[in-house]
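Ready for some practice at reading a sheet? Grab a pencil and work through the exercises below, peeking at the solutions when you get stuck.

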Amino acid sequence: MYSIGYDIGSSSIKAALVETASGERIAVVNEPKTEMEMLALQNGWAEQDPNDWWAHVCNATKAIVKENAIDPKDITGIGISYQMHGLVVVDKNGGALRNSIIWCDSRAVEIGQKAFDALGHDTCAEQLLNSPANFTASKLKWVRDNEPRVYDQVHKFMLPGDYIAYRLGGDIRSTKSGLSEGIFWDFKNNDIAGWLLDHYGLDQKMVPELVDTFSVQGRVSKKGASESGLAEGTPILYRAGDQPNNALSLNVFDPGEVAATGGTSGVVYAITQNRSVKESSRVNNFAHVNYQDHKPRIGKLLCINGAGIQYRWLLNNLNVASYEEMNELAQSVPIGSDGVSIHPFGNGAERMLNNKTLGTQLSNINLNNHTKAHLCRAALEGIAFSFVYGMEIMKSDAIEARVIRAGNDNLFRSAIFSNTVATLIGQEIEIYNTTGAIGAARACQLHKGDFDTFGKQIMDNDYVMGFVPSANKAAYETAYFKWKKELEIMLRNT
């Protein structure tokens, strides 16, 4: 028997098939074959059509079933991971009223900041564990203010994963973890944050029905089966935002455990049981997938928008064939990139920089001496330094990492990147060859509560290697302190 997991990303839709008993991956497919585009009607905006996500889910499902000669009736559970903080609004017939305003869209920054100031920083920190900032609730407020004809037709709002579950089963539902990532959840009162909705003038009837993260959340409908190729009645057993799900995929559930990812954006996601927050304007705090009222598990999430997207930009503009070639070029340059610096903040407002938009900045380039190899090394180091800078913020918010695990993605496959981070934070980084889609598929078993078996499957199937801190820490520190000083100058001048 099998479980299927979906990862609804902003670059592609991944579907993974795993053997339920062992957790062994059978196959992973991507749709579309080229990266999905983001629609940017203005600087700082980013939208995608949720109908496209569904079409790619259906194509991926049919492909993985056909290529592996699987009977859809042998798929006993569905798990869904999805890009966080997106907004999907639907009418009474369930039709999407507009494109989704996705995670890296920064149009609602000012709305969130005004709410933070008006409602009170302490109140927001105590009850929301966050500033409203540029999250889903603020994006819905933007629709209300700027697209009243659309807003007047809104029956329900959803997060991206809720929308895919809806297309599969026909039920509009969400989870505490999901609503907390949209800043709709009041942790103090353990309820919908009606006072924030009232402040924004949003109707609480738009909130989806709540279900548990690990539960029978719905079943594939006749229509969902016809379109997707799955069997009618297949249970939907799990959904979570991509970063809580990535932590789950790395067996990160308990205080002191940290998950790191280096995709389009870079993320440090640390687990704590403490609801108190000091950096609520720079660090996000969400209900983790195993959050319980009597046993709180808070995921502290720090995001660097300009991570993998920076390295991809170089790939597209340096006339190189692959990331592997870039990594080889970077290896030919010493630590510190001969003085070349890249600050990779060119993907919208950076929350960890107090929502400032710096743009990517390249500096100290000597046109006689420096080459694309220096740019490759400076890019890897700049992204790594951003991670280290972020972990310093996390430490000030009482996070003490005892285990750091990362996926085997493009950035963490680079020895330069991983060694730089490991050396500067003084902590080994464990690398696992897994994906969010595989984690979502394996999570289908967790509605039964067997976390020990789940963790064993990850270790047995996924562990790759570890990167330990280098003895040559001084060279890394010199380069990092130079980069950090340049960043502080940029922040003062912005």
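Before we start: two strands count as paired if DSSP finds at least two bridges between them. Keep in mind that this is a predicted model.

**Exercise 1.** Work out which residue is the bridge partner of isoleucine 8 in E2.

Solution, step by step:
- Start with the two strands: E1 covers residues 2-8 and E2 covers residues 13-19.
- Check how they pair: they're antiparallel, with 7 bridges.
- Now find the partner: isoleucine 8 is bridged to isoleucine 13 in E2.

**Exercise 2.** Carry on to the next strand and find what stands opposite isoleucine 13 in E3.

Solution, step by step:
- E2 and E3 run antiparallel too, joined by 6 bridges.
- Across from isoleucine 13 you'll find glutamate 31 of E3.
- To see how the chain gets from E2 to E3, look at their hairpin, which has 5 residues between the strands.
- In that turn, glycine 23 has a positive phi of about 80°.

**Exercise 3.** Sketch the whole sheet: in what order do the 6 strands come, and which are the edge strands?

Solution, step by step:
- Draw the strands in the order E3-E2-E1-E5-E14-E13; the sheet is open and its pairing is mixed.
- Mark E3 (25-31) and E13 (214-219) as the edges, since each pairs on one side only.
- Add some twist, averaging 25° from one strand to the next.

**Exercise 4.** Place helices H1 and H10 on your sketch.

Solution, step by step:
- Lay H1 (residues 50-67) across E1, E2, E3 and E5, at about 145° to E3.
- Lay H10 (residues 242-249) across E5, E13 and E14, at about 105° to E14.

Methods
Residues numbered from 1 in each chain as written. Predicted model: local features only at pLDDT ≥ 70, side-chain atom pairs only at ≥ 80, totals over all residues. Heavy atoms only, no water. Helix = DSSP H or I, 4+ residues; strand = E, 2+ residues; numbered from the N terminus. Axes fitted to C-alpha atoms, helices over the stretch in contact; angles between N-to-C directions. Contact = heavy atoms within 4.5 Å.
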